[in-house]
Amino acid sequence: MNKNKKKIVEEALLRRAVGYEATETVEEYAECDGEVKLVKRKVSKKNIPPDVAAVKMILEQNGVAVADMTDEQLEAEKTRLLKLLSQFKEKN
């Protein structure tokens with residue numbers, strides 16, 4: 001995988017781990033006087049919650065075995081990841 005694709009995949013995984021807001025547009029068309037015209041457009045925003053599986057993948061990718069960690073190590077890793085995620089949110 002080339003460098004650009006790898007970066008895109010990493011950013012998508014991080015976005016999935018953090019959660020995000022998505023906009024969905026549904027358009028309905030009908031034929032009127034021989035022409036197809038837009039009759040209805042519905043735009044809605046959806047909040048996609050953080051995905052635990054994505055967080056786990058990020059941790060494993062960085063060599064962190066979550067099952068073997070102590071409570072203190074988990075808390076330190078949580079703090080580190082929250083800082084990383086806030087930097088990502090500021091960037092985007």
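Two strands pair if DSSP finds at least two bridges between them. The legends below apply this to a predicted model.

**View 1. Strands β1 and β2 pair as an antiparallel hairpin.** Strand β1 covers residues 20–32, and strand β2 covers residues 35–48. The two are joined by 13 bridges. A22 has K46 of β2 as its bridge partner. T25 stands opposite V43 in β2. In a regular strand the side chains alternate between the two faces of the sheet. How many of the 14 residues of β2 are buried? The count is zero, and β2 is hardly covered.

**View 2. D33 sits in the loop between β1 and β2.** The hairpin has two residues between its strands. D33 takes a positive phi near 55° there. D33 is a residue other than glycine. Most residues other than glycine have a negative phi. Is D33 buried or exposed? D33 is exposed, because its relative accessible area is 78% and the exposed class begins over 50%.

**View 3. Helix α1 spans 23 Å from its first C-alpha to its last.** The helix has 16 residues. At 1.5 Å a residue, 22 Å is expected, and the modelled span is close to that value. N2 caps the N-terminal end of α1. A side-chain oxygen of N2 lies 3.2 Å from the backbone nitrogen of N4. G19 follows the helix, with a positive phi near 95°.

**View 4. Helix α1 has a buried side and an exposed face.** L13, L14, A17 and V18 are the buried residues of α1. Seen down the helix axis, the buried residues fall within an arc of 135°, so they line one face of α1. An α-helix has 3.6 residues a turn, so residues three or four places apart point the same way. Which exposed residues does the face turned away from the buried side carry? That face of α1 carries N4, K5 and I8.

**View 5. The largest nonpolar core has 12 residues.** Its members are L13, L14, A17, V18, A54, I58, L59, V64, M69, L81, L85 and F88. Helices α1 (3–18), α2 (52–61) and α3 (71–91) each supply at least two of these core residues. Which helix gives the most to this core? The answer is α1, with four residues.

**View 6. L59 is a core residue with contacts beyond its sequence neighbours.** Neighbours within four places in sequence are left aside here. L59 is then in contact with V64, V66, E77 and L81. Two of these partners, V64 and L81, are listed in the largest nonpolar core, as is L59.

**View 7. I48 lies in strand β2.** I48 is partly exposed, with a relative accessible area of 23%. Buried would require a value under 20%. Which residues does I48 touch, not counting those up to four places away in sequence? I48 touches R16, G19, Y20 and A22. The C-alpha atoms of I48 and S86 are separated by 17 Å. Along the chain, I48 and S86 are 38 residues apart.

Note on methods. Residues numbered from 1 in each chain as written. Predicted model: local features only at pLDDT ≥ 70, side-chain atom pairs only at ≥ 80, totals over all residues. Heavy atoms only, no water. Core = buried A, V, L, I, M, F, W, Y, C linked by side-chain atoms within 4.5 Å. Buried < 20%, exposed > 50% of the residue type's maximum accessible area, 1.4 Å probe, protein only. Contact = heavy atoms within 4.5 Å. Expected span 1.5 Å × (residues − 1). Arc of directions from axis to C-beta. Polar contact = N/O pair within 3.5 Å; in protein donor to acceptor, adjacent residues only side chain to side chain.
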